[in-house]
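Colleague: I am new to this structure and would like a close look at a single part. Could you take one helix and walk me through its surroundings with some care?

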Amino acid sequence: MGLLTDPTTGQGKFIKILLKYYSYACMLLYIGGVIWFLALAYPTMNANTYFSENALLPGLVKSQFREDREAARYHEELLDEMNKYHDSIPYSWLLAKFNQIGLDTYTHNFTLTSPFNRKDKFSGKNVYGILRAPRGSSSEALVLSTPFRPSTSAHPPTAPSVAIMLAFAKFANREKYWAKDIIFLITEHEQVGVQAWLEAYYGVSCGSENILDHGDLRGRGGAIQAAINLELHSERIGQMDIKIEGLNGQLPNLDLFNLASKMCTKEGVYQTFKNKGPFYSRKPSKEWLNYFRNMLSMMGTQATGIPNGNHGLFHRFGIQALTLEGFEQSRAKGSNKIWFVGTGRIIEGIFRSLNNLLERFHQSFFFYLLPSSDRYISISIYIPSVCLMIGTMFIKACARWFKLQETSCKEMSTETHSPPVRIDKIITTFLVTHFFGVLVSNIPQFMSRYITSLSVYETNVKVFYPLLACLVQLLFIPLFIRMRHCRKSMELLNILAMLELGTVLICISMNNFSLGFFCAIISVPAALLVNPSSCRICSYFQRFLWFLVHPLIILTVAVMINTYFLFPEERMKEIVIRGWDATQQSVIFSIVDSMVYGNWLYGVVTNIFIPNWLCFWIVSFCVFKEDEIDTEKTEDITDKDIKKTN
Amino acid sequence: MKCLIVSLGILFICHLVHSYEGTITEELLIKPLYSEQVYTHFQFSTKWDIDPDKETFRHSPLFPRPLGEIVQRFDIQELHVTLTSGLWRYEKWGYPVKDAATGVEVLAWFKPGSDVDKNWKLLANSLSGLLCASLNFIDNTNTIKPEFSFRPRGILESNLLNNSYVRYANLPHEIVCTENLTPWKKLLPCDSRTGLASLLNSGHIHNTRYHSIGLHLRPVCRDKSCESMSLELQQTVSLVYDYLILGTKNWSLRKLFGQGINRKCVLVSKSDVYVDTTNQDIELEPPPDETVTSVRGGQVTTLQKYIVSNQFLNIYAKFQNADLVSLNLPPPLHANQYLSGYGQERGGIVTKIYNNHWKQIDVVLMQNIPWFIPIYLHTLKVTADGRDIKPIQLRYIPARQRERPTYLEVLLTVPARTATSVVIDFDYVFLKWQEYPPDANFGFHIGSAVISSYLPVARNYTAVPWDGSLISDSFNASRSGYLVEVRTENLIITLPTPDFSMPYNVICLACTVVALAFGPLHNITTRKLILKSKRKVLLIERIKKFLFSLKKTKTE
C-alpha cells in the first residue's frame with residue numbers, strides 16, 4: 001500500500017507504460033466490462049431476494065377477505081354500465097359505489113392540451129375514494145389504483161380490477177386496524193390520468209408549462225407511502241405478472257417487489273416477472289441463458305425510460321409503486337387459477353403489510369436488476385461492468401493528453417513550425433455544438449408554439465421532418481471548422497469529447513443503468529476508434545463508423561429490427577416502410593413524454609449526446625499535412641534518445 | 001359494627017358535601033352524526049366557589065388537589081390541555097363541543113406579574129407527570145404566544161392580560177392511549193366506579209375513530225351578579241364511534257362502552273344524558289325523561305334527556321329506517337392542510353380554508369411551524385378563485401434554529417362560497433445527526449394550523465357558549481357569533497435523512513485506512529533507508545528467474 005509514498009516518484013515510468021499500452025488496456029477493459037456484464041446473470045453473481053424491512057411482517061396474518069361474491073356482482077354491474085358509456089368512465093356509478101361503501105368520495109378533472117396543437121384539448125375525469133383510517137389522523141396514506149379502460153380501448157380490459165378494488169374497499173372499511181388512509185383511485189386515459197392526479201396531489205407541474213392542466217383535489221390523505229396499481233384482465237387469474245419499471249428507469253424499493261411476489265406465491269398463483277416465472281435447471285448454461293434473457297428484457301424496458309404501467313409515475317414523488325397484472329392464461333403447466341377471493345387476499349396481504357410499516361421504505365435496494373423474480377443483482381455488482389467500459393474513455397483521454405504534452409515538448413526542442421493551438425477556438429467549437437443541441441431540443445416546442453399556421457399538417461410533418469432537417473444540416477458542421485487542419489487542436493477536441501462522453505455515461509448509468517449500459521456498449525468502441533488521422537481510408541472508415549452511431553441511426557436500426565421480429569412474414573420493403581414510420585412515431589412520442597411527464601430521454605439525447613456526437617464527427621473530419629506526421633515518426637527516435645540520456 | 005362504620009362513613013361524606021361550596025355536574029351528549037358515526041361527549045364540571053387568587057389549595061375536598069397545586073404554584077389564570085388521537089373531520093361531522101388537534105395541545109394563560117417562561121416550563125413538566133404524557137417535550141422550541149387566535153374563556157379581573165401571558169404548544173407526534181386516560185380518571189370526584197365515568201372503559205373507548213380527553217380550567221362568575229369568582233374545572237371526553245366498526249347502526253350504551261351507567265355518583269348534583277334526535281328516526285329504549293327543543297342561531301335541535309338515577313341505566317337506540325341516509329350539509333367553515341412539491345429541496349405548506357357560507361367570514365389562521373422548517377415570508381400567498389387576497393393583519397416571528405419555532409398569524413377575510421388557499425414555501429434542511437429520532441425515516445410532524453372565527457350561523461354547532469359551563473347551557477343560546485377554532489391535519493415531512501448505517505461503514509473504512517497506513521508509517525520511521533542502484537532486468541530474465549525458483553522449490 002503506497003498510501004504515504006510520494007506521488008511524483010516514478011511518474012515518468014507510468015506515463016511511458018500508459019502511452020505504450022493504452023490501446024490494449026482500453027480493449028481489455030472494454031472486453032472485461034462486457035464479460036462482467038454477461039457474468040451478471042450467472043447464479044453465483046446474483047443473490048436470492050430477501051426482506052430487509054422487518055416491520056413488513058409479510059403474510060403473518062390470517063387472510064380474512066371473503067367478499068368474492070360482492071366483487072363478482074360489482075363486475076357484472078360495471079360491465080352493464082360500461083355498455084352504456086362507450087368511451088368514458090361511468091363515474092356516477094363509481095361515485096355511488098364508493099359512497100355506499102362509506103368512503104370520502106371525490107372526482108378530479110384534468111385537461112391535456114396537445115403539445116403540438118394548442119387548439120386540441122382533451123379532458124378527463126378521475127374518481128377516487130379515501131378510506132379514513134380509524135387508527136390514524138390522515139397524515140399517511142397508501143394508494144390502490146387502477147386504470148379504467150372503456151370497452152373501446154385498445155388495451156386489455158381492467159374491469160375486474162375495478163370490481164376487486166371496490167370489494168376490497170368494502171371489506172377494508174369495516175376493519176379497525178388501519179393506521180394509514182387508503183386511497184382508491186380509478187384513473188382515466190391511462191398514464192395521463194395518474195400523472196394529472198399526482199400533480200394535483202402535490203400541487204406541482206412536472207412537464208412543460210400549460211400542457212397538462214392538473215386541476216385541484218378536494219380530499220387528500222397525507223404523505224403517500226406506497227402504491228399498488230392493478231391491471232387484472234380476467235376474473236380468474238392464472239398468472240400474475242409484476243411490473244416495476246418506472247419513468248426515467250426508476251424502480252421501486254426491492255422490498256415492495258418482494259412483498260408482492262411473496263403474497264402472490266402465498267395465494268398459490270403462478271407469479272412472474274417479465275412473463276417468466278421462477279426457473280430452475282440442472283444445466284448451468286441453460287439457467288444462465290434464461291436469467292440473461294430475463295435481465296435483458298428488464299433492461300430493455302428500463303432503458304427507454306417509459307413506464308410500463310401506471311405505477312411508473314409514482315416513483316418521482318418518492319412513492320414506491322408497482323403494477324400487478326393478472327392474466328387468465330398461464331404459461332406454467334398445470335397451474336391453478338385463483339378467483340376473486342385469491343386476488344382479494346393478495347391485495348389484503350400487501351396492504352396489511354404496508355399498514356405495518358412505521359418508517360417509509362428505506363431499507364432495501366432502490367437500484368437493482370432482476371434476472372428472475374426471486375433473484376437480484378445489486379448496484380455494487382453491476383456497476384463495475386459499465387465502469388470498466390467507460391473507464392476506457394478516461395484512460396484514452398489521459399494517454400492522448402500525455403502524448404500531446406510530449407510532442408509539444410519535443411517541438412520546443414526541435415523548433416519545428418506547426419500552426420498554433422487556439423484553445424479559445426476549441427472551446428468555441430465545443431460550445432457551439434452544444435448550443436446547436438439546445439436548439440434541436442427546443443425545435444418541437446418552438447414549432448408548436450409559434451408556427452400555428454402549420455396546424456393543418458400532421459404531427460410528423462410538423463415536428464419530425466424539421467428535426468430531421470436540422471440533424472442533417474448539422475452533419476455539415478465540420479466543413480465550417482477551419483482548425484481541423486491543426487492536428488493538435490483536433491486532438492484536444494477529441495480529448496474533451498471523450499471526457500464528456502465518459503462523464504455523461506457514468507452519470508446516466510448511475511440513474512438509469514440500462515440506458516447507460518446500452519449507450520456505453522455502442523458508443524465506447526466507436527469513440528475509441530475515432531482519432532485524428534492522416535490516412536484517408538482510415539478517416540473515411542472512421543466517418544462511416546461514427547455516422548452509424550448517430551442516435552437517430554441507432555434508433556432507426558433498433559426499431560427496424562423490432563419491426564422485423566414483430567412482422568416476420570412481411571417483405572423487406574414493407575418492413576422498411578413500417579420501421580421508418582415507427583421511428584418517426586417513437587421520436588414524436590419521446591418528445592410528448594418529455595413535455596407531459598418530464599421524461600428526460602429526449603432532453604439528454606438532444607442536449608448532450610448529439611453535441612458530443614458532433615464533436616467526434618468534427619474530429620473524424622480532421623485533415624492535416626504530411627509534415628506533421630514526420631514529427632510523429634520522429635517521436636520514437638526522440639523517445640529512444642531520451643532513454644539513452646537517462 | 002359494620003353498620004356503624006358504614007353510617008359513620010355516610011355521615012362523613014355528607015359532611016364533606018356540605019362543607020364543599022360548589023357544584024359538581026356530569027353530562028353526556030350523544031349525537032348521531034350525518035354520516036356513519038355517532039359522537040359522544042362527556043363533560044364533568046367541578047365548580048368550586050373560592051377565589052382562585054386567594055385560596056391556598058391546602059384543603060381541597062373535591063377539587064383534584066394535584067391540579068390545585070399546579071394552579072397555585074405556577075400562577076395560572078386559565079389552562080386548557082387536550083390529548084387527542086384521530087382527526088375530527090369537520091366537513092362530515094360538523095363542529096365538536098371542544099376543538100382539539102391531533103396529539104397534545106396545551107394552552108395556558110398566566111397571571112400578570114408572574115415569571116411566565118419559567119412557570120410554563122414547570123407547568124409542562126408537572127402536567128407531564130399528572131397525565132403520563134410526554135408533555136415535558138414542551139419547551140421554547142415549540143412554544144408560541146398567539147396574539148389573535150385565543151382569548152381567555154373565563155372572566156378577567158384586570159385588563160393587563162395580553163399575549164405575553166399566553167403560551168401555546170402542540171406535540172403532534174404524541175400518541176394518546178390508556179395510560180393517559182387512567183390518571184385523567186383519577187381526577188374525577190367518583191373515580192370511574194359510579195356515575196357517567198363508569199362508562200369510560202379503555203377497552204372500548206379506544207376502538208373509536210376519534211377520541212380526545214381534555215382538562216379545561218378557568219375562573220368563572222359565581223352567580224349572575226358576578227361579584228365574586230369561582231374556579232371551574234371541566235374534564236371532557238369526546239369519542240366518535242363508527243357504525244361499520246360497531247357492526248350495526250343501532251347503538252346502545254352497552255354496545256358503545258361495554259356497560260351501562262352504574263348508579264349515580266353521590267357527590268354529583270346533576271347527572272344527565274342527552275341524545276340528539278334531530279332529523280333522526282330513532283326509537284329510544286327506555287323512553288326519555290324529558291324532550292328538550294333548542295333553537296340556536298336559527299338551528300332547531302331536538303334532544304332527549306335522561307336523568308341518571310340511582311338505578312342501572314342502559315339506553316338503547318333503534319333506527320326505524322336504517323337504510324335512510326340523510327344528506328350531509330357541510331359546516332360553514334372547515335379547513336385542511338397539506339404539503340406541496342416533491343423531492344427534498346423545496347416545498348410548500350398549503351392551508352385550504354373552505355367557506356360554505358353565503359357571506360364572507362373573517363378568520364385568523366395561526367401556524368406553529370417547527371424551527372427545522374425554514375419558511376420564507378415573502379412567498380406567503382393567499383388566493384381564492386385565482387384572485388389574490390391581501391391579509392388584513394400579519395403577525396410573524398421567524399424561527400431561530402434550535403431556539404424557537406416560526407409563529408405566524410394571518411387575519412383574512414375569506415370570500416363567500418370559495419376555497420381560499422394560504423401557501424408558504426420552505427426549504428428542506430439537514431439536521432445534526434443526533435437530532436434525528438430513532439425512527440429517522442418516519443419523518444417529522446408539523447402541527448395542525450388553527451383557524452379561529454366567529455361564525456354567523458350555528459349550523460352543526462354544539463359548543464357551549466363562553467358564559468355557560470354545562471351542555472344544557474348551550475340550548476337556546478343564540479348569540480351574535482359562534483366561536484370556532486378549526487384544527488387541520490398534522491403533516492408528516494420527510495427531511496433529508498442520512499443513511500444511519502453509514503457511521504458503521506465509516507468506522508470500518510477509517511479503521512482499515514489506519515491499519516493499512518500503520519505498516520508503511522512504521523517502516524519509514526523505524527528503518528534506515530539506503531539508496532541502491534537498480535539494474536534493469538528484462539522480462540525474459542525475470543521469467544527465467546521465476547521458473548528457476550519454482551524448480552528449486554520442487555527439488556527441495
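Modeller: In this predicted model, the buried residues of helix H4 of chain B pack against elements of chain B that include both helices and strands: helix H2 (65-73) and helix H5 (178-186), together with strand S3 (76-85), strand S4 (103-110), strand S5 (143-144) and strand S6 (166-171). The residues of H4(B) that are buried are Val116(B), Asn119(B), Trp120(B), Leu123(B), Ala124(B), Leu127(B), Leu130(B) and Leu131(B). When one looks down the axis of H4(B), these buried residues fall within an arc of 140°, and they therefore line one face of the helix.

The length of the helix can be checked as well, because at 1.5 Å a residue the 16 residues of H4(B), numbered 116-131, should span 22 Å, and the C-alpha atoms at its ends are indeed 22 Å apart, in agreement with that expectation. Just after H4(B) comes Cys132(B), which takes a positive phi of about 55°.

A positive phi of about 55° is also found elsewhere in chain B, at Asp385(B), which sits in the turn of a hairpin formed by S17(B) and S18(B) with 2 residues between them. In that hairpin, S17(B) pairs with strand S18 (residues 387-388) of chain B in the antiparallel sense over 2 bridges, and Ala384(B) has Arg387(B) in S18(B) as its bridge partner. Strand S17 (residues 375-384) also pairs, again in the antiparallel sense, with strand S21 (residues 418-427) of chain B, over 6 bridges, and there Lys381(B) stands opposite Val423(B) of S21(B).

How values were computed
Residues numbered from 1 in each chain as written. Chains lettered and ligands numbered in written order. Predicted model: local features only at pLDDT ≥ 70, side-chain atom pairs only at ≥ 80, totals over all residues. Pairing = 2+ DSSP bridges. Helix = DSSP H or I, 4+ residues; strand = E, 2+ residues; numbered from the N terminus. Expected span 1.5 Å × (residues − 1). Buried ≥ 20, exposed ≤ 12 C-beta atoms within 10 Å, placed from the backbone. Arc of directions from axis to C-beta. Contact = placed C-beta atoms within 7 Å.
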